[in-house]
Amino acid sequence: MARVGVFVCHCGFNIAGTVDVEKVAETLGKDKDVVFSTTYKYMCSGPGQTLVQEAIKEHRLDKVIIAACSPGMHEATFRSAAEDVGLNPYDVEIANIREQCSWVHDDMEKGTEKAIKIARSMVRKVVGNQPLEPVKVGVTPKVLVIGGGIAGIQAALDVADAGYEVILVEKETSIGGHMAQLSETFPTLDCSQCILTPKMVAVSRNPKIKLMTYSEVIDISGYVGNFKVKIKEKPRYVDPEKCNLCTDCEDVCPVVVPNEFDMGLSIRKAIYLPFPQAVPSTYTLDMEKCLGLDPIRCGKCIEVCDVEAIDYDVHPKIIEEEVGAIIVATGYDLYPKNMLGEYGYGEDEDIINGLEFERMLSASGPTKGEVRRPSDGKVPKRVVFIQCAGSRDPDNHLPYCSKICCMYTAKHAMLYKHHVEDGEAYIFYIDIRAAGKGYEEFIHRAMEEERIVYLRGKPSKVFRKGEKLVVWGVDTLLGEKIEIEADLVVLAMAMVPGKGTGEIIDVLNCAADENEFLKEVHPKLRPVESSTPGFFLAGAAQAPKDIPDTVAQASAAASKALSVIGQEYLEHEPAVAQVDEDLCSGCEVCISVCPYGAISPVGGHAEVNAVMCEGCGSCAAACPSGAMTLKNGTQEQIFDMIRSILQEG
Amino acid sequence: MIRIAIAPLGSCSGCDVAIADIGEDFADIAKIAEIVYWPTGADLKLEDLEAIDYIDITLSHGSIRTSEQEEILKLLRKKSKVMVAFGSCACFGGIPGLVNLSPEREDVMRTAYESISTDKGEWPSEKSKIDGKILTLPKLYNLGHSHDSLVEMDYYVPGCPPVESQIRDLLGVAVAYSKGGELPPKGTVIAGARALCDECDREKPEKIVIDRFYRPHEKEADPNLCFLAQGIICMGPATRSGCGTRCINANMPCRGCFGPPPGIRDQGSKMLSAITSLLAADREAELGEEGLRELLERISDPTGTFYRFTLPSAIINRRLNDGR
């Protein structure tokens with residue numbers, strides 16, 4: 001016979017206001033397995049926990065039911081309290097009579113009746129519970145960071161600084177990401193590259209960081225603490241060890257293609273260095289664009305390369321690594337201009353996006369920092385900036401706010417005015433969202449000191465009329481139609497998950513939200529964790545965010561990853577699925593329904609990896625032969641619980 | 001010599017044929033036993049059974065739906081030392097057990113005796129006077145029954161009909177009995193010890209996902225690939241092994257005649273939960289309740305599919321009161 005103790009919590013009036021807790025305790029006290037029952041005002045308080053511990057000792061309880069709030073709140077509290085006095089923590093169960101009862105009812109009599117049923121069913125469950133020990137598993141003390149923008153760079157540096165090894169994988173030829181493309185940053189207007197490049201160099205010099213650029217993660221297996229990853233390293237055809245950056249190859253290369261780093265506003269060669277401060281600092285041969293290295297087709301670069309750094313005969317390499325945690329920092333892209341019919345489908349050269357404008361403002365950019373119209377190279381005298389281009393428009397485009405556009409548009413207009421002193425800048429906005437340190441002041445400066453004209457309203461149409469672009473809109477504050485003839489239109493395009501983010505969601509099989517950003521476990525309390533244990537999120541891959549937020553989240557992700565890999569071994573919840581091999585016929589239904597890939601066929605029957613199993617029970621419900629059961633959630637226990645709920649009185 | 005009875009109740013006689021089908025080995029029975037009652041093999045009536053003072057082993061087969069069948073079953077139990085539920089009807093209620101879904105007895109009578117093609121719309125009654133003599137007919141029950149819901153059974157031989165290997169195993173039990181040897185524990189099911197997939201060598205994909213159901217005639221099934229992976233409902237995962245995958249070898253899905261695997265009471269609900277778990281497993285959110293319902297509605301006869309042989313022994317097993 002079990003010796004169960006039932007402890008009913010008042011939770012102030014939270015429970016006692018709707019449930020007659022004394023009656024619950026009294027009724028449960030009559031149960032055949034219950035030897036002690038009582039109530040207390042706040043069971044989770046210090047005295048409450050002591051009450052439970054004393055009762056366990058005094059009444060020699062071997063099972064405990066706490067009838068209180070959700071197990072999500074205090075299961076751990078009471079399990080550890082019971083463990084302190086010698087009970088197995090899995091012999092303690094919570095009967096949730098708050099969230100599932102008192103909070104959702106107002107009838108005392110029926111609420112009490114339901115609370116009794118809930119508590120009684122948990123008594124049946126706990127009587128069937130087996131004592132369990134946590135599953136222990138070793139940890140690979142290494143972190144994989146996917147994405148080499150500011151988020152990935154910061155996370156990698158933080159992990160390395162803590163003394164652990166990091167693999168930083170970036171799909172482009174250099175780390176730096178979008179931040180390397182920016183000219184100045186709000187709200188301080190300091191040079192983006194000036195603050196980023198020291199971090200890039202730090203990454204390249206840190207012996208703990210293995211930097212893999214021009215590489216992609218193509219496969220992942222394993223579980224938290226012990227992931228196996230496959231990384232594909234694309235060939236550069238240029239040996240970074242030999243290349244001395246003399247530029248001879250670039251000079252002779254006859255192939256001209258748009259330069260992605262300059263958003264296509266300049267050109268590069270087929271053999272190129274993406275930008276002067278690139279890390280790693282080496283050339284890459286774009287084999288898709290190259291004419292060919294044999295002398296008949298071209299081969300000019302090979303001829304001029306004195307150090308013989310160019311080698312055509314290299315192939316993609318697949319590198320396998322083992323890591324304990326993974327930080328995903330795959331960044332964002334801009335919503336494509338061709339989605340915006342109202343603003344010319346991206347077909348007019350003089351309607352540009354924010355990143356194009358950034359490159360234009362950059363000293364190393366296509367115009368060497370001068371603001372010029374792409375169509376004719378003239379300095380634009382009137383520029384219209386349009387905020388929320390694609391954002392906050394659930395009917396036509398994207399429902400969410402891209403968060404950074406208010407700020408960078410103010411910055412753009414300000415920098416334009418600094419470059420073109422007699423220029424006029426107009427900003428169309430819906431609302432100004434400037435909730436960051438120094439942000440409101442920055443907007444205020446743009447409006448008051450820089451004489452930028454803010455117009456509240458969203459333009460309905462932008463079209464060309466001769467040399468000019470006509471912007472039609474309505475000033476919703478004055479209720480007047482507005483028509484502005486502009487030389488250049490800059491669209492603050494919405495942020496969307498980067499292409500790499502979509503790809504990595506498929507490879508990692510991790511959760512994404514309705515807008516395809518990576519999804520966190522809890523938006524408030526667990527904002528940097530993915531629902532897959534061991535995956536952590538950083539930067540704009542999770543949601544639109546600015547540089548300070550990105551860096552903060554990257555450091556948070558790094559510290560979360562460190563808390564995984566810093567342990568000698570991980571403890572895993574032991575209430576997982578188990579197979580009765582004698583009953584399993586190997587039908588593989590469980591394998592097909594397992595959301596965690598925790599079950600595999602071994603020798604004609606299913607086998608559960610206890611570390612990967614999250615104990616969701618899908619397999620046990622689906623198993624047609626009764627071979628799969630959930631520890632401490634067996635069919636017998638569930639039937640006992642149902643019978644006790646159906647029982648009268 | 002021991003005394004054996006082979007007793008058909010509401011039977012199609014397929015079980016009799018299966019016993020006869022073991023061929024010359026049938027003669028082995030004669031070495032140890034005397035068949036004292038087998039109405040299919042010899043013309044024996046209720047009076048003949050009543051006259052037998054005891055039986056060692058009885059193989060009862062067929063469904064129970066009339067008072068006469070119940071009476072004979074109870075009489076057999078009384079006279080027999082060992083009762084074997086032979087075949088799916090005896091074990092679980094069988095295909096005739098699907099009657100539990102049907103309308104009331106009166107409706108059956110109406111259909112049978114008052115349809116346009118019937119001359120005289122006169123219902124037979126349980127007692128009627130013909131030529132001055134009283135004719136009694138058994139009462140027709142509303143529901144079908146498995147044998148063990150009415151009397152205690154010792155062993156079970158599932159199958160519609162059981163296969164040769166099971167009959168040989170049963171013969172082994174009879175031999176042991178005749179020699180006073182050790183017998184299997186009461187309640188033993190003479191069949192496999194796992195679900196049918198254990199015996200099936202069809203290939204399975206990495207993940208089985210059902211996007212659409214097909215009835216067997218709607219699609220030419222790949223003979224090497226798991227039926228479920230092809231959208232064809234195969235009861236194999238929720239059916240006891242031991243048949244040697246005879247239907248599957250003929251490229252037809254398992255219909256579940258061996259009943260639930262060990263430890264499972266309700267074969268249909270187990271299979272149903274497996275099937276619904278697999279249904280569009282990767283697209284549940286996208287399809288929503290409506291989309292999933294549409295997919296499920298393609299199962300044209302869910303009860304007949306999942307409870308084809310086991311409805312009377314299921315947890316929810318009938319539509320109305322027995323009227324017994």
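**The contact between chain A and chain B, and a look inside each chain**

In this predicted model, the contact between the two chains draws on 21 residues from chain A and 20 residues from chain B. Putting the chains together buries an area of about 1,600 Å², and 53% of that area comes from carbon and sulfur atoms. On the chain A side, A:Ser585, A:Ser592 and A:Pro624 stand out: they supply 31% of the area that chain A buries against chain B, more than any other three residues.

What kinds of polar pairing cross this interface? Eight residue pairs are in polar contact between chain A and chain B, with both residues of each pair at pLDDT 80 or more. Salt bridges, on the other hand, number zero across the interface of chain A and chain B. Two helices of chain A, α15 (589-593) and α16 (618-622), each provide at least two residues of the side that touches chain B. The largest share of that side, four residues, belongs to α15(A). Sorted by class, the side of chain A facing chain B is made of 12 nonpolar, six polar and three charged residues.

Chain A itself is a good place to continue. It has 649 residues, of which 53% count as buried, and its secondary structure includes 17 helices and 36 strands. The C-alpha trace of chain A spans about 90 × 65 × 40 Å along its principal axes. Among the contacts in chain A with a separation of 6 or more, 69% are between residues 24 or more positions apart.

Three residues of chain A help to make this picture concrete. The first to visit is A:Ser192, which lies in helix α7 (residues 192-205) of chain A. Is A:Ser192 buried or exposed? A:Ser192 counts as buried because its relative accessibility is 0%, and the cut-off for buried is under 20%. The side chain of A:Ser192 reaches the backbone oxygen of A:Met179 at 2.6 Å. Not counting residues up to four places away in sequence, A:Ser192 touches A:Met179, A:Leu182, A:Ser183, A:Glu184 and A:Thr185.

Some of these names return around A:Glu358, a residue of helix α10 (residues 354-361) of chain A. With a relative accessible area of 2%, A:Glu358 is buried. Which backbone atom does the side chain of A:Glu358 reach? It is the backbone nitrogen of A:Ser183, at 2.9 Å. Leaving aside neighbours within four places in sequence, A:Glu358 is in contact with A:Gln181, A:Leu182, A:Ser183, A:Glu184, A:Lys411 and A:His412. A:Leu182, A:Ser183 and A:Glu184 are thus among the contacts of A:Glu358 and also among those of A:Ser192.

A:Ala512 offers another setting, in the loop between α13 (499-508) and β29 (520-522) of chain A. A:Ala512 is partly exposed, because its relative accessible area is 27%, which falls between the cut-offs of 20% and 50%. Apart from neighbours within four places in sequence, A:Ala512 is in contact with A:Ile505, A:Phe517, A:Leu518 and A:Lys519. The C-alpha atom of A:Ala512 is separated by 9.8 Å from that of A:Ala541, a residue 29 residues apart from A:Ala512 along the chain.

Turning to chain B, the chain is divided into domain 1 (2-97 + 142-189), domain 2 (108-140) and domain 3 (196-313). Taken over C-alpha atoms, the centres of domain 1 and domain 2 of chain B are separated by 31 Å. How many residues does each of these domains bring to the contact between them? Five residues come from domain 1 of chain B and four residues from domain 2 of chain B.

Domain 1 and domain 2 of chain B bury about 390 Å² between them, with 58% of it on carbon and sulfur atoms. On the domain 1 side, B:Arg65, B:Thr66 and B:Ser67 lose the most area to domain 2 of chain B, and together they make up 78% of what that side buries. Between these two domains there are zero salt bridges, and one residue pair is in polar contact, both residues being at pLDDT 80 or more. Strand β4 (64-66) and helix α4 (67-79) of chain B each supply at least two residues of the side of domain 1 that touches domain 2. By class, that side has no nonpolar, three polar and two charged residues.

Notes: Residues are numbered from 1 along each chain as its sequence is written. Chains are lettered from A and ligands numbered from 1 in the order in which they are written. This is a predicted model: local features need pLDDT of at least 70, side-chain atom pairs count only at pLDDT 80 or more; totals for chains, interfaces and linings use all residues. Side-chain values use heavy atoms; hydrogens and water are left out. Contact means heavy atoms within 4.5 Å. Buried area is the accessible area (1.4 Å probe) that two parts lose on being put together, summed over both. A salt bridge is a side-chain nitrogen of Lys or Arg within 4 Å of a carboxyl oxygen of Asp or Glu. A polar contact is a pair of N or O atoms within 3.5 Å; within protein, one must be able to donate a hydrogen and the other to accept it, and residues adjacent in sequence count only if both atoms are side-chain atoms. Ala, Val, Leu, Ile, Met, Phe, Trp, Tyr, Cys and Pro count as nonpolar, Asp, Glu, Lys and Arg as charged, and the others, Gly among them, as polar. Domain bounds come from an automatic or database domain assignment. Buried means under 20% relative accessible area, exposed over 50%, partly exposed in between (1.4 Å probe, protein chains only).
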